[in-house]
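Here is my note on the model you sent. Please read the points alongside the structure.

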Amino acid sequence: MTGRERVNAIFNRQGVDRVGFWKGNPHEESVKIYCRYFGLPEDKDLLGLKLKDDFNWLQADSAWKHPEGKSMFDVLGGHERISLSQDGVFAGTTNVKEVEAFDWPDPDYLDFTEYEKAIDQTIENGMAVCGGMWSPFFHLAADFFGMENYFCKMYTDPIVVEAVTKHLVDFYLEANRRCFEKLADKIDVFFLGNDFGSQKNLLISPEMFEKFVLPGFKQLIDLAKSYDLKVMLHSCGAITKAIPYLIDAGVDALHPLQAKAVGMEAENLAQFKKDIIFVGGVDTQDLLPFGRPQQIKDEVRRLKDVFGDGFIASPSHEALLPDVPVENVIAMMEAATE
């Protein structure tokens with residue numbers, strides 16, 4: 001089977017020759033290290049082929065082409081980022097009129113020409129395409145207010161939070177609609193991401209998640225499903241409390257399974273394996289940076305036994321840092337693809 005065939009078979013719960021594999025999206029310094037090891041040019045696509053990736057992650061956000069070089073969302077009003085909790089442009093906003101007056105991005109500045117070329121190359125390489133706009137509306141809302149302000153305003157100024165969220169989601173709905181209208185027949189999985197978990201729990205209560213976050217997910221998922229696409233959602237952290245909501249909303253796969261976060265142990269997640277595909281799970285906090293190759297192989301084999309065929313082995317955080325030895329990445333790949 002090609003990687004593309006394998007990924008589609010996994011998502012459709014059909015027979016496969018083995019579980020899937022994705023090395024993740026290594027940090028640019030890691031790419032240099034790994035490519036030197038293999039004697040390759042510094043090219044993520046070539047590295048993916050060498051490490052037998054079954055899919056490639058291609059964010060359609062690269063299609064944003066503002067003629068004046070403006071960012072898609074100027075969440076800090078031109079100020080330099082200092083922290084996740086620093087005030088964004090709506091930090092003191094209590095009036096929805098201020099939200100409506102903001103210079104929201106125009107989807108007419110999206111050009112998918114180069115993006116389509118990258119997709120075509122991935123398909124030629126035999127890999128599945130996980131793409132679409134990353135659509136991190138939860139992250140962006142947190143940045144527009146400042147994270148602490150955002151969580152407080154869910155209680156003090158919910159109408160303002162809802163207005164900001166609506167603008168963000170509406171943009172991503174239209175951006176993805178344009179992307180899918182042009183490229184849905186080449187994309188296998190709509191891959192979107194928002195980190196809404198800490199090491200110990202959800203960042204907000206299940207009630208606030210259901211009120212302010214889940215409706216946006218549902219709209220984006222429904223759009224993708226209308227183009228017959230599978231949906232994979234990314235969130236780091238301890239998110240087991242949200243998984244039933246995500247399954248009900250139509251999420252097909254969950255990434256990256258932060259193995260050391262509370263409740264994210266494979267044995268606990270396995271309670272959902274009949275309802276959702278698992279992608280990730282190979283610990284990047286301790287095992288991949290500090291373990292021995294044999295330990296990595298043993299862990300990948302254990303995860304395969306726990307999750308069964310509905311599994312794509314991959315790091316528990318996609319951005320492999322330079323402290324992860326290439327020998328351990330190879331061990332992960334070998335155990336996944338044996």
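**Notes on the fold**

1. Start with overall size. The protein has 338 residues, and a compact globule of that length would have a radius of gyration near 20 Å; the value here is 20 Å, so the two agree. Keep in mind that this is a predicted model. The C-alpha trace spans about 60 × 40 × 40 Å along its principal axes.

2. Next, the secondary structure. The protein has 14 helices and eight strands. Of the contacts with a separation of 6 or more, 78% join residues 24 or more positions apart.

3. Burial and surface come next. Of the 338 residues, 56% are buried. About 14,400 Å² is exposed, and carbon and sulfur atoms supply 49% of that area.

4. On charge, the protein carries 35 positive and 54 negative charges. Their mean positions lie 4 Å apart.

5. Now the interior. In soluble globular proteins, nonpolar side chains tend to be buried together. Here the largest nonpolar core holds 106 residues. Phe73, Phe196 and Phe217 have the most contacts inside this core. Helix H8, residues 158-183, gives the most to the core, with 13 residues.

6. Which residues does Phe196 contact, leaving aside its neighbours within four places in sequence? Among them are four aromatic-free partners by name, Leu202, Leu203, Leu233 and Leu246. Phe138, Phe209 and Phe217 are also in contact with Phe196. The rest of the list is Ser235, Cys236, Ile239 and Ala242.

7. There is also a second, separate core, of 18 residues. Its members include Val7, Phe11, Val16 and Ala128.

8. Look at the N-terminal helix in that light. Helix H1 covers residues 3-11, and its buried residues are Gly3, Arg6, Val7, Ala9, Ile10 and Phe11. Val7 and Phe11 are thus on this list and in the second core. Arg13 follows H1 and has a positive phi, near 60°.

9. Is Leu220 buried or exposed? Leu220 lies in helix H9, residues 206-226. Its relative accessibility is 0%, so Leu220 counts as buried. Not counting residues up to four places away in sequence, Leu220 touches Ser135, Phe137, Tyr172, Leu173, Asn176, Phe190 and Leu192. Take Leu192 from that list: 28 residues separate Leu192 and Leu220 along the chain, and their C-alpha atoms are 9.0 Å apart.

Technical notes. Residues are numbered from 1 along each chain as its sequence is written. This is a predicted model: local features need pLDDT of at least 70, side-chain atom pairs count only at pLDDT 80 or more; totals for chains, interfaces and linings use all residues. Side-chain values use heavy atoms; hydrogens and water are left out. Helices (H or I, at least four residues) and strands (E, at least two) are DSSP runs, numbered from the N terminus. The radius of gyration is taken over C-alpha atoms; the globule rule is 2.2 Å times the number of residues to the power 0.38. Buried means under 20% relative accessible area, exposed over 50%, partly exposed in between (1.4 Å probe, protein chains only). Contact means heavy atoms within 4.5 Å. Accessible areas come from the Shrake-Rupley method with a 1.4 Å probe; for residues, only the protein chains shown count as cover. Lys and Arg count as positive and Asp and Glu as negative; His and the chain ends are not counted. The place of a charge is taken as NZ of Lys, CZ of Arg, CG of Asp or CD of Glu. A nonpolar core is a set of buried Ala, Val, Leu, Ile, Met, Phe, Trp, Tyr and Cys residues joined through side-chain atoms within 4.5 Å.
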